[in-house]
Each structure stands twice: as C-alpha cells, then as structure tokens.
Amino acid sequence: MRRHIRILDAQGVSWRRMDREVGVSRQTAGKYAELEDCSSKPPEHAKAESKPDPFKPVIDKRLESDRLMPRKQRHTAMRVWHRLRDGHGYEGSYRLVRRYVRQRKRDWRDPGDGFMEPRWGRASRRSIPAKARPASGELG
C-alpha cells in the first residue's frame, strides 16, 4: 500500500484520488506520500539512563558478596535500597532497585536451583486405602 501511494505521488496524482484508488483516507495518503523513509521499522531512540544506572556497580558488588553468605543473611532489595539511599545519596524509587536486584539474582541463579516439577504416576487401586475406596458400584 505504501509503495503504491509513493508511485501515485511520483506520478502527480492528488491525495483525494489516492484516497479513492487505494482505499485509505486523504490524510493517510498524504502522510505516506511525504515520508522520506518507507521502511517498516520505527526509528530507534537513544535509551535514556535510568536512576539506578550509576549505582549498579555498587548493587552488583553487594549482591556478589552476598552469594557467599547463608541465604538468610543476604541483602533484600529493601535493604539494598536503604543502603543506597542513606550511604550513596540515591534518590530513585524502591521499585527500580527491586526490579534490578530481582533481575540480577535471576541471572546468577544456577539452572538446577529451585524446585522441580513433581512427577505424578498413575495411581493404582492398591495405593488407595481401603477405607477411602468407593464401593465397586459407585465407580463411574
């Protein structure tokens, strides 16, 4: 459609006529006719620096030292945020620190760390206690 509009524009066709031929509004035809770059990708914008970015080395260092500690003695995201705020002058929100700490902990987690899905085998009639077994006529 964009290519067709560009061809019609090069031939000098009016936007109203493009509207009728292509089946798009006059404004849309004009927008596509005036585009210099007709690629389908939107332009990339420079990523803005977030508030925790300057403090990420401090957070990483703290979390790295925590990996050697027992699990109950490690820093939580709330504790990391308090230390950044009080000791380093961090003015960002707790939520940003929590998101970064969670992501770093996931990145460092071993693939075998965590819970395994239980495997449920087929239950046999013998595995059900006799008192809990329904009468033979009640089985559907």
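Which helix is Arg3 found in? Arg3 belongs to helix H1, which covers residues 2–10. Keep in mind as you explore these views that the model is predicted.

**Figure 1. The whole protein is built from six helices and zero strands.** Read from one end of the sequence to the other, the pattern is α-α-α-α-α-α. The protein has 140 residues, and 19% of them count as buried. About 12200 Å² of the protein is exposed, with carbon and sulfur atoms supplying 50% of that area. Now think about contacts between residues at least 6 apart in sequence: 48% of these join residues at least 24 apart.

**Figure 2. A close-up of Arg3 in helix H1.** Is Arg3 buried or exposed? Arg3 counts as exposed because its relative accessibility is 68%, and the cut-off for exposed is over 50%. Try finding Ala33 as well: Arg3 and Ala33 are 30 residues apart along the chain, and their C-alpha atoms are separated by 9.1 Å.

**Figure 3. A close-up of Leu35, in the loop between helix H3 (26–34) and H4.** With a relative accessible area of 31%, Leu35 is partly exposed. A partner to look for here is Arg2, which is 33 residues from Leu35 along the chain. The C-alpha atoms of Leu35 and Arg2 are separated by 9.5 Å.

**Figure 4. A salt bridge joins the side chains of Asp53 and Lys56.** The N to O distance in this pair is 2.7 Å. Asp53 counts as partly exposed, at 27% relative accessibility. Lys56 is also partly exposed, and its relative accessible area is 24%. A search of the whole structure finds six salt bridges, so this view and the next one are good places to practise spotting them, because a salt bridge needs a side-chain nitrogen of Lys or Arg within 4 Å of a carboxyl oxygen of Asp or Glu.

**Figure 5. Arg104 and Asp60 form a salt bridge.** How far apart are the closest N and O atoms of Arg104 and Asp60? They are 3.2 Å apart. This pair links distant parts of the chain, with Arg104 in helix H6 and Asp60 in helix H4, 44 residues apart.

**Figure 6. Arg85 and Asp86 form another salt bridge.** Here the closest N and O atoms are 3.2 Å apart. Arg85 is partly exposed, with a relative accessible area of 35%, while Asp86 counts as exposed at 57% relative accessibility. Elsewhere, Asp60, Arg104 and Asp107 are joined into one network by salt bridges that share partners.

**Figure 7. A close-up of Asp66, a residue of helix H4 (residues 56–66).** Asp66 is buried, yet it has no salt bridge. Which side chain of opposite charge is nearest to Asp66? It is Lys105, at a distance of 6.0 Å. That pair is not a salt bridge because the cut-off is 4 Å. Leaving aside residues up to four places away in sequence, Asp66 touches Arg74 and His75.

**Figure 8. A close-up of Arg83 in helix H5 (residues 77–88).** Arg83 is partly exposed, with a relative accessible area of 35%. Which residues does Arg83 touch, not counting those up to four places away in sequence? They are Arg62, His75 and His88. You can also look for Ile59, which is 24 residues from Arg83 along the chain. The C-alpha atoms of Arg83 and Ile59 are separated by 9.6 Å.

**Figure 9. A close-up of Tyr94 in helix H6.** At 25% relative accessibility, Tyr94 counts as partly exposed. Tyr94 touches Ala77, Met78 and Trp81, once residues up to four places away in sequence are set aside. His82 is twelve residues from Tyr94 along the chain, and the C-alpha atoms of the two are separated by 8.6 Å.

**Figure 10. A positive surface patch includes Arg95, Arg98 and Arg99.** The other residues that form the patch are Arg71, Arg74, Arg102, Lys105, Arg106 and Arg109. Arg95 sits in helix H6, which spans residues 94–108. At 56% relative accessibility, Arg95 counts as exposed.

Notes
Residues numbered from 1 in each chain as written. Predicted model: local features only at pLDDT ≥ 70, side-chain atom pairs only at ≥ 80, totals over all residues. Heavy atoms only, no water. Patch = residues over 30% accessible without salt bridge, like charges linked within 9 Å, V, L, I, M, F, W, Y side chains within 5 Å. Areas by Shrake-Rupley, 256 points an atom, 1.4 Å probe, with all protein chains shown as cover. Lys, Arg positive; Asp, Glu negative; His and termini not counted. Charge placed at Lys NZ, Arg CZ, Asp CG, Glu CD. Helix = DSSP H or I, 4+ residues; strand = E, 2+ residues; numbered from the N terminus. Buried < 20%, exposed > 50% of the residue type's maximum accessible area, 1.4 Å probe, protein only. Contact = heavy atoms within 4.5 Å.
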